[in-house]
Amino acid sequence: MTDLAARLTPEAWAVWEVLFARYAAPGMCNPDDPQPCTSGTPTQAQIDNDHRNLAQRQHDALLAVGRIALMSGEAGQLNGLPVSVIIRTTLQDLESRAGIGVTGGGTRLPIRDVIKMAGHANHYLAVFDRSTGSALDLFRTRRVASPAQRIMLIARDGGCTKPCCTVGAYGSQAHHATTDWAQGGNTNVNDLGLACPPDNRAVKEGGWSTAMNGRHEVEWTPPPHLDTGQTRVNTHHRPELLLRPPDDDEPAGETADPAQPGGPAPPGDQVA
Ligand SMILES: [Zn+2]
């Protein structure tokens, strides 16, 4: 716990008293609620079940107003990086669910808080291996790929990864190749692949599905009625793949892709 005592000027208190009247009202911003009310009016049940005292409600209001400021996009930059909470931890701490994470400011957080914070936008989680110290992954708790991630994907995939698609990298979006965001996928380079917008949209329940193989290539599996045994990997943008000796796990044969989309589409950063 960090103690906070404050002496405010009348002007500063004039600002905070109205913010507290709003965000520290009974039923607002209550961490005990499954879906805390942070905008609009709390339900009567949220008000009736709020057992916090005034100090606790003001504490939770400080957290809520701080989050709103971080998410507004108006916080600008700090030493050249967007103002955002950055937490580092180790894979071993995450896996044990009993370790700690440390913020860029040196605050130590229990892993359960780190995991809870991952539900909010504009936080970064850097994961290291405890024994070797090597950087394992940078998770970003929102569904948009960062510029650095896009550069890595452009370098690795070269263009849309759907077999036979010729749309280049600048016409492609970052696509969650393993678990879709809605199912809890991470914005993590090893889970992402490039896909043009029509192919990105073709991945859905009952349609195409994608997975990442052991060589970090996106494999596309058609729905049964379109499956003619065609290749699962696109070599158009990376012809060097054709020079590689065949593996057992790569299906042989190649036929035209019946679902090939049309021309290039505008680039976007949305991750589907
Ligand atoms: Zn495509």
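**Strand 3 and its partners.** In this predicted model, Ile87 of strand 3 has Thr103 as its bridge partner in strand 4. Strand 4 covers residues 100-103, runs antiparallel to strand 3 and is joined to it by two bridges. On strand 6 (residues 123-128), strand 3 (residues 85-90) finds a parallel partner, with six bridges between them. One position to look for here is Thr89, which stands opposite Val127.

**Helix 3 from end to end.** Helix 3 takes in residues 54-71, which makes 18 residues. At 1.5 Å a residue, a span of 26 Å is expected, and the end C-alpha atoms are 25 Å apart, so the two values agree. At the start of the helix, a side-chain oxygen of Asn53 comes to within 3.2 Å of the backbone nitrogen of Ala55. Just after the helix, you will find Gly73 with a positive phi of about 75 degrees.

**The buried face of helix 3.** Arg57, Asp60, Ala61, Ala64 and Val65 are buried in this helix. Seen down the axis of helix 3, the buried residues fall within an arc of 140 degrees, so they line one face. An α-helix has 3.6 residues a turn, so residues three or four places apart point the same way. What do the buried residues of helix 3 pack against? Their partner is helix 1 (10-23).

**Ser172 in its loop.** Ser172 belongs to the loop between helix 6 (147-157) and strand 8 (173-176). Ser172 is buried, at a relative accessible area of 0%. Its side chain reaches the backbone nitrogen of Cys160 at 3.3 Å, and a polar atom of that side chain lies 2.9 Å from the backbone oxygen of Gly168.

Technical notes. Residues numbered from 1 in each chain as written. Predicted model: local features only at pLDDT ≥ 70, side-chain atom pairs only at ≥ 80, totals over all residues. Heavy atoms only, no water. Helix = DSSP H or I, 4+ residues; strand = E, 2+ residues; numbered from the N terminus. Buried < 20%, exposed > 50% of the residue type's maximum accessible area, 1.4 Å probe, protein only. Polar contact = N/O pair within 3.5 Å; in protein donor to acceptor, adjacent residues only side chain to side chain. Pairing = 2+ DSSP bridges. Expected span 1.5 Å × (residues − 1). Arc of directions from axis to C-beta. Contact = heavy atoms within 4.5 Å.
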